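Good morning. I will go through one structure today, and I will take it piece by piece. Please have a look at it first.

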Amino acid sequence: MRKKVVVIGGGTGLSVILKGLKTYPVDITAIVTVADDGGSSGILRKELDIPPPGDVRNVLVALAEVEPLVEELFQHRFASGDGLNGHSLGNLLLAGMTSITGDFQKGIATLSRVLNVRGNVLPAANKSIILHAEMEDGTHVSGESKIPLAEKKIKRVYLTPEEISPLAETLHALKTADLIVLGPGSLYTSILPNLLVPGIVEAIMTSNAKRAYICNVMTQAGETDHYAVSDHVQAILTHCQSQIVQHVLVNHQQLTETALSRYRIEKAEQVVIDEQKLKELGVSIIKDQFVVESDYKLRHDAKRVSEALLSLLDLEK
């Protein structure tokens, strides 16, 4: 029987990992954040009163089994046109399918069949949620895209409205999973919004699944400035109020000065692995050279990360 892997997150990091995992004989479910309020997603969310489609679009493309040209078409972003400028075709298709089916999740499922998606893609909630941050200085910032721009130290993040419900399919996928993966992605604006949806953490903790967190390689300005690996893990444990992380995957290779200097411009630095603190948090550490550099950008090595994740499943044998 094929093992069931659930991956939770958002952003480009999640898509990279899913592209790796889909090459292995496992059943994949991706649970995707719906807190995005910027760009094309933010406009469609506001004008059509639907959950933001951008992160879902990227995940659908990552898991799709179609010709590259179809992927390119789905990701195509219009550069001109009154009303079209800035929108990606995939976002518009998701918005259109939501209108046709009357339900965001049904729209995703329908497009999944069109794209021959290998796995299930589920929104963390079936309606838009607003992400807020309380800063260390006591101020509050509303909106996922605005939180990093405040350039303040985040104390906690929280969601509105209060009456958010997870999908039954999401809870079932978590409860029956063999492996649950958090990340990679922006800690406060991609990963935690999923975990803050009522019922999600409870479903994870009642599951018999192995639980792993893929830590970001670099800090993120306005979000995780000067964070070590343990700071990332501690933030998750504090928000979830449970020992939700059992294993943490960290990159231990020294990055090139070319890459580091490029990220310094973005006020980002390599995340430090503080093993002693991680052990004190009760977390197992999985270290490897998990990064590839391309065009001076850093991306997780999908194959190596997937192999490390799936090795956790072998521990059960």
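Which residues in H3 meet which residues in H5? On the H3 side they are Gly54, Val56, Arg57 and Leu60, and on the H5 side they are Gly90, Asn91 and Leu94. By type, the residues of this contact between H3 and H5 divide into three nonpolar, three polar and one charged. Before I go on, please keep in mind that this is a predicted model.

Now the geometry of that pair. Two packed helices are described by the angle between their axes and the distance between the axes. For H3 and H5, where H5 covers residues 89-101, the angle is about 105° and the axes are 9 Å apart. Angles of 65 to 115 degrees count as roughly perpendicular, and H3 and H5 are therefore roughly perpendicular to each other.

Next, helix H1, which runs over residues 11-21. Is H1 mostly covered or mostly uncovered? H1 is mostly covered, with eight of its eleven residues buried. Those buried residues are Gly13, Leu14, Ser15, Val16, Ile17, Leu18, Gly20 and Leu21. What lies over them? The cover includes two helices, H3 (54-63) and H13 (302-314). The cover also includes strands S1 (4-9), S2 (27-32), S8 (210-214) and S12 (297-300). So H3, which we just met in its contact with H5, also appears in the cover of H1.

Let me turn to charges. Side chains of opposite charge can pair when their charged atoms come close. How many salt bridges does a search of the whole structure find? The search finds ten. I will show three of these.

The first one I picked is between the side chains of Glu134 and Arg156, at 2.6 Å from N to O. This pair links distant parts of the chain: Glu134 sits in strand S4 (residues 130-135) and Arg156 in strand S6 (residues 154-160), 22 residues apart. Glu134 has a relative accessible area of 15%, so Glu134 is buried. Arg156, at 34%, is partly exposed. The pair also belongs to a network of salt bridges that links Glu134, Lys155 and Arg156.

Another one joins Glu275 and Lys287, whose closest N and O atoms are 2.7 Å apart. Here, too, distant parts of the chain are linked, with Glu275 in helix H12 (residues 275-280) and Lys287 in strand S10 (residues 284-288), twelve residues apart. Glu275 counts as partly exposed at 29% relative accessibility, and Lys287 is partly exposed with a relative accessible area of 39%.

The last one I will show is Asp288 with Arg304, where the closest N and O atoms are 3.4 Å apart. Asp288 lies in strand S10 and Arg304 in helix H13, so this pair ties together parts that are 16 residues apart in sequence. Asp288 is partly exposed at 28% relative accessibility, and Arg304 is partly exposed at 35%.

While we are on strand S10, look at Ser284, which is found there as well. Ser284 is partly exposed, with a relative accessible area of 33%. Which residues does Ser284 touch, if we leave out residues up to four places away in sequence? Ser284 touches Gln246, His247 and Val248. Measuring along the sequence, Ser284 and Gln246 are 38 residues apart, yet in space their C-alpha atoms are 6.1 Å apart.

Strand S6 has a residue to compare, Thr160. Thr160 counts as partly exposed, at 26% relative accessibility. Leaving out residues up to four places away in sequence, Thr160 touches Ile129, Ile130 and His132. Thr160 and Thr139 are 21 residues apart in sequence, and their C-alpha atoms are 17 Å apart in space.

Finally, the cysteines. How many disulfides does a search of the whole structure find? The search finds zero. Take Cys215: it is in no disulfide, and the nearest cysteine sulfur, that of Cys240, is 15 Å away. A disulfide needs the two sulfur atoms within 2.5 Å. Cys240 is likewise in no disulfide, and its nearest cysteine sulfur is that of Cys215. Cys215 is buried, with a relative accessible area of 2%, and Cys240 counts as buried at 9%.

That is what I have for today.

Notes: Residues numbered from 1 in each chain as written. Predicted model: local features only at pLDDT ≥ 70, side-chain atom pairs only at ≥ 80, totals over all residues. Heavy atoms only, no water. Buried < 20%, exposed > 50% of the residue type's maximum accessible area, 1.4 Å probe, protein only. Helix = DSSP H or I, 4+ residues; strand = E, 2+ residues; numbered from the N terminus. Contact = heavy atoms within 4.5 Å. Salt bridge = Lys/Arg side-chain N within 4 Å of Asp/Glu carboxyl O. Axes fitted to C-alpha atoms, helices over the stretch in contact; angles between N-to-C directions. Parallel < 35°, antiparallel > 145°, perpendicular 65-115°, else oblique. Nonpolar A, V, L, I, M, F, W, Y, C, P; charged D, E, K, R; others polar.
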